[in-house]
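The following exercises are to be worked through with the sequence and the three-dimensional structure at hand. Each task is followed by a solution in steps.

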Amino acid sequence: MAYEYKVMGQTVRLDVDPSAVAVQFHPTQPNSVRMTATVASGAGPFSNRFDIPGEDLTIIPVDSTGPNVADPVTRAQSEGAINAFNEQPSVMRAAPVFRVNGNQVVASDRILIGLDKPAMKQAILKKYKLVEVSTTDDRILARVSKDADVFAVTAQLDDEAAVRFAEPDLVTIGRHIPKRPVGQAQPLLNPIVTDQYAMRITRANEAWAISIGNPSIRIAILDEGVDTRHPDFAGAIAGTFDAGDDDTYQDPNPWDGHGTACAGLAAAAGAAGIGVQGAGTGCSLLGVRIAYSAFKDGPWITSNSKIANAIEWSWKNGADVLSNSWGGGLPSSAIAEEFEKARTRGRAGLGCVVVIAAGNYSTAVQFPGTLPNVLTVSATNEFDELKTTTSMDGESWWGTCFGPEIGVAAPGVHNLTTDISGTSGYAGGDYFPTFNGTSSATPIVAGACGLVLSVNPDLREDEVRTIIQQAADKIGTFPYGASGRNDYFGHGRLNVLAAVRAAIPQVAYAGAAPGPRKNKKKTDTGTKAASRPVA
């Protein structure tokens, strides 16, 4: 059968991963019974399973020998294993696993529903035998009945006049990309700001001479958690949220250093010449956990509903800038709409600036960087080259994504930044010297946006994006078109100093301090958020 759903009127089709199936066992069944069911189904070995935390789903390998997912023999093996599992009394349901950009994706038994008529909620739930899990504004998360097919119910809901969108609540088991060679993660003791080439090349250190960040400006780091006890974040943490359990405790697992590294490049505030500083040093941080790894070197685990909830919490809790160093999953209406709400309703109508990593696959930009009216970031290196597998930085195992969505580029190689303090994190010290990826470039741009808003808090989000883009340096060998951009660097490599100078109101630049925010209402809401299937 075809596995598909719609995002803003466009059909998203999922490719089955024939090497695995997802199985929901009855929760009371011991592993011995589960192993017996696996053997009877012709799958396994059961010892190589992956239990998805919090999902009551187990990914079990299938011995598939066909050449690709379209091969009928390979598909038949996967489908046969699913059918065999569904005949086992210890199994509640078995379903396919999908492959997206090297990640594994599983459809949970939940559906995300956007309602144009919230008053119809109970009628919709009753008609389709759905059990409400949670409701926020005009979005419902509901569970289908045991014998229902989540894709079939999604298609039926999509035809309802009261339903704006319906999509499976997809669970992503993602990779940490780009990987680093074994032995590269070395701790760094007592770093100093002058060791951060990214702050020099973007002239952020010169911008700080004009103004450091205002603590009233909040940069949300949507990631795997931020180490709030790191000395370089002292006084900078303004709020925290874990979308996984709807709680304010979001501290990362000891091995999950990605979010802390991103936060450091956005707004770390090392003191007395020791430590590191982010581009928006002086701004405040919101630590927002959207994903985590269940064990060291394990994959990220998240779901679309968690991500949408995290975005909503961020803009409703005072975020001025949303930094998103994640992506590569399937498009989602729930995520796209929540970003659009942040962009149009956040900051009392001025709009949150949404900054998103382009991706590290050396291919087209990945969702959610494909969304309109966001600032999508590609990566450069210390030589002001585009980051490719052959660029001079020596990191041959990854390259930045590119395409018409790129707004600006920023350094994404060998970035010195914060690590989880103590013996945890990437390198077992408080700092990590070689953080990489468009994940690394994105928070530098987010910090620059925070610095721009610090000197002129009355700017609308689209004005901030325009300033950042127009102030960028035209580097590289790719020609810039009549619009002043290309598909690799966007409008150029970030120049924080030029952006801050362009943002300062004339009266302030003449010597007066920037005035207080006046809550100037946003007048241009832009086009409705849309997305397309990832290429």
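Two strands are said to pair if DSSP finds at least two bridges between them. The model examined here is predicted.

**Exercise 1. Determine which strands pair with strand S7, and identify bridge partners of its residues.**

Step 1. Begin with the preceding strand. Strand S6 (residues 91-100) pairs with S7 in the antiparallel sense, over four bridges. Val100 has Asn103 of S7 as its bridge partner. The two strands form a hairpin with two residues between them, and Asn101 in the turn has a positive phi of about 50°.

Step 2. Turn to strand S10 (residues 163-174). Its pairing with S7 is antiparallel and comprises nine bridges. Here Gly114 has Phe165 in S10 as its bridge partner.

Step 3. Consider strand S9 (residues 139-143). S9 and S7 are joined by five bridges, again in the antiparallel sense. The bridge partner of Leu112 in S9 is Leu141.

Step 4. Examine the burial of S7 (residues 103-115). The strand is mostly covered, with 13 of its 13 residues buried.

**Exercise 2. Give the strand order of the seven-stranded open sheet, and explain why one side of S12 and of S19 is left without a neighbour.**

Step 1. Write down the order. The strands run S12-S13-S11-S16-S17-S18-S19, and the pairing is parallel.

Step 2. Locate the edges. Strand S12 (237-242) and strand S19 (406-411) each have a single partner strand, so one side of each lacks a neighbour in the sheet.

Step 3. Describe the twist. On average, neighbouring strands of this sheet are turned by 25° against each other, direction ignored.

Step 4. Inspect one pair. Strand S16 (residues 321-324) and strand S17 (residues 353-357) run parallel and are joined by four bridges. Val321 stands opposite Val353 in S17.

Step 5. Add the helix. H7 packs on the sheet and touches strand S11 (218-223) as well as S13; the direction of H7 makes about 155° with that of S11.

**Exercise 3. Decide whether Ala268 is buried or exposed, and describe its surroundings.**

Step 1. Place the residue. Ala268 lies in the loop between helix H7 (258-267) and strand S13 (284-289).

Step 2. Apply the cut-off. Ala268 has a relative accessible area of 0%, and because buried means under 20%, the residue is buried.

Step 3. List its contacts. Neighbours within four places in sequence left aside, Ala268 is in contact with residues including Asp232, Phe233, Val276 and Thr418.

Step 4. Relate sequence to space. Ala268 and Thr417 are 149 residues apart in sequence, while their C-alpha atoms are 8.3 Å apart in space.

**Exercise 4. Characterise the largest nonpolar core, and set it in the context of the whole protein.**

Step 1. State the general expectation. In soluble globular proteins, nonpolar side chains tend to be buried together.

Step 2. Describe the core. The largest nonpolar core has 61 residues; Ile219, Val355, Val445, Cys449, Ile468 and Leu494 have the most contacts inside it. Helix H10 (residues 438-455) contributes the largest share, ten residues. A second, separate core of 28 residues includes Val7, Leu130, Val150 and Leu170.

Step 3. Follow one member. Beyond four places in sequence, Ile468 touches several residues, among them Leu375, Val408, Val445, Cys449 and Leu494.

Step 4. Consider the whole. The protein has 535 residues, of which 59% count as buried, and its secondary structure comes to 13 helices and 21 strands. Of the contacts with a separation of 6 or more, 74% are between residues 24 or more positions apart. The exposed area is about 20100 Å², with carbon and sulfur atoms supplying 53% of it.

Note on methods: Residues numbered from 1 in each chain as written. Predicted model: local features only at pLDDT ≥ 70, side-chain atom pairs only at ≥ 80, totals over all residues. Heavy atoms only, no water. Core = buried A, V, L, I, M, F, W, Y, C linked by side-chain atoms within 4.5 Å. Buried < 20%, exposed > 50% of the residue type's maximum accessible area, 1.4 Å probe, protein only. Contact = heavy atoms within 4.5 Å. Axes fitted to C-alpha atoms, helices over the stretch in contact; angles between N-to-C directions. Areas by Shrake-Rupley, 256 points an atom, 1.4 Å probe, with all protein chains shown as cover.
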